[in-house]
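User: Hey, got a minute to walk me through this one? I'd like to go contact by contact.
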Protein chains: 2
Amino acid sequence: MRMPRKSTREVIVETADKLFYKGGFAATSFADIAAQVGISRGNFYHHFKTKDDILDAVIDRRLGDRRAMLDDWTCSSSDPRERIYAFVGIVIVNRSDIMESGCPVGTLASELAKLDHGARERAAAILDLFRRWLGEQFRLAGAERADELALHLLGWSQGVAVLASALRDEAYIRREVARIIAWVDAQLARPIGEEL
Amino acid sequence: MRMPRKSTREVIVETADKLFYKGGFAATSFADIAAQVGISRGNFYHHFKTKDDILDAVIDRRLGDRRAMLDDWTCSSSDPRERIYAFVGIVIVNRSDIMESGCPVGTLASELAKLDHGARERAAAILDLFRRWLGEQFRLAGAERADELALHLLGWSQGVAVLASALRDEAYIRREVARIIAWVDAQLARPIGEEL
DNA sequence: GTCTATAAATAGATAGAC
DNA sequence: GTCTATCTATTTATAGAC
């Protein structure tokens, strides 16, 4: 397995990804990114012509990252319920970051929607990635209306991230995750029933 | 009932409120607000010294607005269940704006959390207003753990707003609202039971 | 590929005339 | 209270040397 040294371009994208998450897209400047990377602003423009170019690269990176994560979960367990648990678990694993900056995917999509930015749809595609994967898991588990359950769960976790960052309330996160797990179990226990 | 002409200050706050909602706090400049109000930038500074000052005024305005709205709902019905329905109903009533720009309260709190802005707590206080009011309604309706139900409902509606703006999916909003109504009914039907 | 220097536009903010 | 003019810092972006 080759382990090439990261190219400057890769470092820029990696850094921009983090800064866009921690501070938002609009509030993060080229100077911020260049300073964090440790290169001059001039060099920066050798790699990316515009701010939108680097946003595109960041979205691509996140798409790849999340795809890899989902593939990982798919391989790690053959039980779709366990896989859904893995999804829910990231809220706990990343709770510190979430309480500071919300969900990386949700907050970017929200911000781009507000800016009426052309990249909104590409950011939404990351959410769609989760939606389709979750839908597949619910389907494999034999649930009815799997895609609606998937979207419900995705929205639920987004709501948890919003309130968690707004209120900085870890107990709330843990309560909601327990609630989600119980809900998932209820869905998979009675695939035809009237569920909420 | 007196109906004084709006002061310039009031118009500025009103306009800033709308622009902060539609475009975000960081991405909205003094020039944007001044242009929309139809005054010079110089005059602007006569009313507000800094951008944070106007943010404070916008948050105050929203706090007052939402307080009045909650009071209104409290007066309009003596049935706490109906009052909760009124809360859920705003997601439908405001669906167009929500699909464009998300929830005004949630997106501002999210953005300020990300910016690590001092006003984050004041923005979160608006969410807390809803939380306490909803908690009171669940309590009046005889539900157990009323405050947790309130926070759950608040987070749920925030999640709906995030996905609605990211995916621009109106059918999703309507499905979730129906789901919320059914959930509320389930909570109030069995105040002691194990609920999800 | 990386740097310095610099341009052009925009941001937040102030001074002072009317 | 409102305006014009101005200031300073920052932001995006380019030119050209090394």
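User: How much area do chain A and chain B bury between them?
Analyst: About 3800 Å² in this predicted model. Carbon and sulfur atoms carry 61% of that buried area.

User: And how many residues does the contact take from each chain?
Analyst: Chain A puts in 45 residues, and chain B puts in 45 residues.

User: Which surfaces do the copies meet through?
Analyst: The copies meet through the same surface, because 100% of the interface residues of chain A are also interface residues in chain B.

User: OK, electrostatics. How many salt bridges across the interface of chain A and chain B?
Analyst: The rule finds two salt bridges there. One of them pairs Arg175(A) with Glu148(B), with the closest N and O atoms 3.6 Å apart.

User: What about polar contact, how many residue pairs?
Analyst: Between chain A and chain B the count is 12 residue pairs in polar contact, with both residues at pLDDT 80 or more.

User: Which helices of chain A supply at least two residues each to the side that touches chain B?
Analyst: Those are H1 (8–23), H6 (95–101), H7 (104–115), H8 (120–140), H9 (146–167) and H10 (170–189). H9(A) gives the largest share of that side, 14 residues.

User: How do the residues on that side of chain A divide by type?
Analyst: The split is 22 nonpolar, 11 polar and 12 charged.

User: Switching to symmetry. What turn and shift lay chain A on chain B?
Analyst: A turn of 180 degrees with a shift of 0.0 Å along the axis does it, and the RMSD is 0.0 Å. That is the relation of a two-fold axis.

User: Which C-alpha of chain A is nearest the axis?
Analyst: The one of Gly159(A), which sits 1.7 Å from the axis.

User: Back up a bit: how many helices and strands does chain A have?
Analyst: Chain A has 10 helices and zero strands. Along the sequence, the pattern reads α-α-α-α-α-α-α-α-α-α.

User: And what does the C-alpha trace of chain A span?
Analyst: Along its principal axes, the trace spans about 60 × 40 × 30 Å.

User: Now the DNA. Which residues come nearest to DNA strand C?
Analyst: Of the 14 residues around DNA strand C, the nearest are Thr8(A), Ser40(A), Asn43(A), Phe30(B) and Tyr45(B). Among the atoms of DNA strand C that come within 4 Å of the protein, sugar and phosphate account for 61%.

User: Got distances? What lies by a phosphate oxygen of DNA strand C?
Analyst: A polar side-chain atom of Thr8(A) lies 2.9 Å from a phosphate oxygen of the strand. Backbone atoms turn up too: a polar one of Ser40(A) is 3.0 Å from a phosphate oxygen of DNA strand C, and a polar one of Phe30(B) is 2.9 Å from a phosphate oxygen of DNA strand C.

User: Which elements give two or more residues to that surface?
Analyst: H3 of chain A together with H3 of chain B. H3(A) has the largest share of the surface near DNA strand C, four residues.

User: How do the residues near DNA strand C divide?
Analyst: Three are nonpolar, nine polar and two charged.

User: Over to DNA strand D, then. Which residues come nearest there?
Analyst: Of the 14 residues around DNA strand D, Tyr45(A), Thr8(B), Ser40(B), Asn43(B) and His47(B) come nearest. Of the strand D atoms within 4 Å of the protein, 61% belong to sugar or phosphate and the rest to bases.

User: Which atoms of DNA strand D do Asn43(B) and His47(B) sit by?
Analyst: For Asn43(B), a polar side-chain atom lies 2.9 Å from a sugar or linking oxygen of the strand. For His47(B), an N or O atom in the side chain is 3.0 Å from a phosphate oxygen of DNA strand D.

User: And what about the backbone of Phe30(A)?
Analyst: A backbone N or O atom of Phe30(A) lies 3.0 Å from a phosphate oxygen of DNA strand D.

User: Last one: which helix has the largest share of the surface near DNA strand D?
Analyst: H3(B), with four residues. H3 (41–47) of chain A and H3 (41–47) of chain B each supply at least two residues of that surface. By type, the residues there divide into three nonpolar, nine polar and two charged.

Definitions and conventions. Residues are numbered from 1 along each chain as its sequence is written. Chains are lettered from A and ligands numbered from 1 in the order in which they are written. This is a predicted model: local features need pLDDT of at least 70, side-chain atom pairs count only at pLDDT 80 or more; totals for chains, interfaces and linings use all residues. Side-chain values use heavy atoms; hydrogens and water are left out. A residue is near a molecule or strand if one of its heavy atoms lies within 4 Å of it. A polar contact is a pair of N or O atoms within 3.5 Å; within protein, one must be able to donate a hydrogen and the other to accept it, and residues adjacent in sequence count only if both atoms are side-chain atoms. Ala, Val, Leu, Ile, Met, Phe, Trp, Tyr, Cys and Pro count as nonpolar, Asp, Glu, Lys and Arg as charged, and the others, Gly among them, as polar. Contact means heavy atoms within 4.5 Å. Buried area is the accessible area (1.4 Å probe) that two parts lose on being put together, summed over both. A salt bridge is a side-chain nitrogen of Lys or Arg within 4 Å of a carboxyl oxygen of Asp or Glu. Copies are superposed by least squares on the C-alpha atoms of residues with pLDDT of at least 70 in both.
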